[in-house]
Amino acid sequence: MNAFSRLPVYVDVLVVGVGFGGLAALHSLRRDHPDLSVLAIERAATAGGVWRENNYPGAACDVPTSLYSLSFAPNPDWSHTYGAQHEIYRYLRDVAEGFADEIRYNCALLDASWNDTDQEWTAQTEHGPIRCRFLVAAPGALSEPGIPSIPGSDDFGGTTFHSAHWDHRHRLDGRRVAIVGSGASAIQIVPEIVDKVEHLTVLQRTPAWVVPRLDRSIGLLERGLYRRIPAAHRLMRKLVWAYREFYVLLMARRPKLLPIATAIAKAQLRVQVHDRELRRRLTPSYTIGCKRMLLTNKWFPALQRPNVTVTGALTGLTPGGAIDDAGTEHKVDTVIFATGFTPTTPPIASAIRGRTGDTLADTWAGSPRAYRGVSVHGFPNLFFLYGPNTNLGHSSIVLMLEPQADYVSTTIGTLRRMNKTTVEVTQAAQDHYNAHLDLELDGTVWNSGGCSSWYLDDTGHNSVMWPNYTSTYRRLMATFEPADHILRSESRPMADPVDDVEVVR
């Protein structure tokens, strides 16, 4: 967005965020409601979401690329069966180009409040206010880095940063580096930097279950086939989807089958780690799948390099070192926090005020709940994409985001046919939906596997995971239930034109 861009005073639908979710919403609304005014705002200079922010060494996806693209924008040109960050980021920017007129970049949402008299939202952005009938929040669940509070952080004399805010100006060559964490980011970073640093200290709170990453290059012949025969590309997508749906049996529907995955992980550990003591320290004590299973062939070999120390959790920092949970100080000059994100306390929840004036954060009180992961009682005409209990442990989040985007469009279409302008889920419907969801979650490995993970919020409730198949969610989101909602009418029709105003910067 340049200095002379214009921001409308009013739009029918305002979308916040231009990652997979925001792009899916723009597509569904353009397809089904071309007469409505729609605008997406993005805080950064480009589209990309989590794939723009996470550009650390080795960043890649652990979901097959055949599933990691929007259905309306297939990509036959992935170079590998698991995509690297730069390819996914480029893909999202390319898709966003098709919606260029409907996106304003460098335009962060500051806050949004519901006006019950006018039945509309007023959003304050970096470029001024904008009113809208419907607000679609698509911030992504993995957008806000989680950095733990560590005693002595203010005294540390070296450099610190989070993996999602990688400091590319800080060269690691010849440095003594500590990496905090042994999760999905750390297992990608460590193999990439181990040969550059003088010494690497891995501060591990809990070991992770690791399984082989079955990645392969996609040759020019195969890519050419997908371009010339799109049906072949769609078939491959369906086959990979069906295979990944089997994982639901292991994690949620038939946990007794989990020993199959455990045997695979233990076999890889035995083959790759020869030191018995190190192997013991790298063997988790919880059930496989309770935390995110990690896909890599490089993590264990990297940890056995002569310049690597694997130790316990970080408990403190000194002016020149990091202290582990045994009280040992390790001399380091750089600390990298690979400590994940805060999906149960998204920052946008503090910026959105509903019908009573309470924010989403106030309403959720540290334990997010929603109807179908999208709607929240007390927040009329608000749709949350990648909301509570829509994350997956087995497949592509795109397969959840697209049904959500279609549901937004279906709901708006239903309101227009019924001559209604405001929709709000009832408390009873929301409670009933979540009571059923909690029963399904009780039997899953995420709830009963004996670990502490980011799937559980501050109250111990699983407010992150979806305990069923993606096909089940797609069927659920295919219909709108008027009986579960409060519907209201207002005289001013949607798509009422309002003049643009010049943005003052």
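Ile260 sits in helix H7, which spans residues 259-272. Together with Leu257 and Ile264, Ile260 makes a nonpolar surface patch of about 250 Å². Keep in mind that this is a predicted model. Beyond the patch, there are two open sheets to look at, one with 3 strands and one with 5, plus a set of salt bridges that numbers 21 over the whole structure.

**The parallel sheet**

- Five strands line up as E10-E19-E11-E12-E15 in an open sheet, and the pairing is parallel.
- The edges belong to strand E10 (159-162) and E15; each has a single partner strand, so one side of each is left without a neighbour in the sheet.
- On average, neighbouring strands here are turned by 15 degrees against each other, direction ignored.
- Inside the sheet, strand E11 (residues 176-180) runs parallel to E12, and 5 bridges join the two.
- If you want a pair to click on, take Ile179, whose bridge partner in E12 is Val202.

**The antiparallel sheet**

- The other open sheet has 3 strands in the order E16-E17-E18, this time with antiparallel pairing.
- Strand E16 (314-318) and strand E18 (329-331) are the edge strands, and each of them pairs on one side only.
- From one strand to the next, the twist averages 30 degrees.
- E16 and strand E17 (residues 321-324) run antiparallel and are joined by 4 bridges.
- Leu314 has Asp324 as its bridge partner in E17.
- There's a salt bridge to spot around here too: Lys331 pairs with Glu329, with the closest N and O atoms 3.4 Å apart.
- Glu329 counts as partly exposed, at 36% relative accessibility.

**Salt bridges across the chain**

- Glu120 and Arg131 meet through their side chains in a salt bridge, at 2.6 Å from N to O.
- That pair links distant parts of the chain, with Glu120 in strand E8 (residues 120-125) and Arg131 in strand E9 (residues 128-137), 11 residues apart.
- The two ends sit in unlike surroundings: Glu120 counts as buried at 3% relative accessibility, whereas Arg131 is partly exposed with a relative accessible area of 27%.
- Asp195 and Arg305 form another salt bridge, and their closest N and O atoms are 2.6 Å apart.
- Asp195 is in the loop between helix H4 (186-193) and strand E12 (199-203), while Arg305 is in the loop between helix H9 (299-303) and strand E15 (308-311), so this pair ties together parts that are 110 residues apart in sequence.
- Asp195 is exposed, with a relative accessible area of 55%, and Arg305 is partly exposed at 35%.
- Salt bridges that share partners also join Arg31, Asp32 and Asp406 into one network.

**A buried histidine**

- His33 lies in the loop between helix H1 (20-32) and strand E3 (38-41).
- With 7% relative accessibility, His33 counts as buried.
- A polar atom of the His33 side chain lies 3.0 Å from the backbone oxygen of Ser409.

Technical notes. Residues numbered from 1 in each chain as written. Predicted model: local features only at pLDDT ≥ 70, side-chain atom pairs only at ≥ 80, totals over all residues. Heavy atoms only, no water. Pairing = 2+ DSSP bridges. Axes fitted to C-alpha atoms, helices over the stretch in contact; angles between N-to-C directions. Patch = residues over 30% accessible without salt bridge, like charges linked within 9 Å, V, L, I, M, F, W, Y side chains within 5 Å. Areas by Shrake-Rupley, 256 points an atom, 1.4 Å probe, with all protein chains shown as cover. Salt bridge = Lys/Arg side-chain N within 4 Å of Asp/Glu carboxyl O. Buried < 20%, exposed > 50% of the residue type's maximum accessible area, 1.4 Å probe, protein only. Polar contact = N/O pair within 3.5 Å; in protein donor to acceptor, adjacent residues only side chain to side chain.
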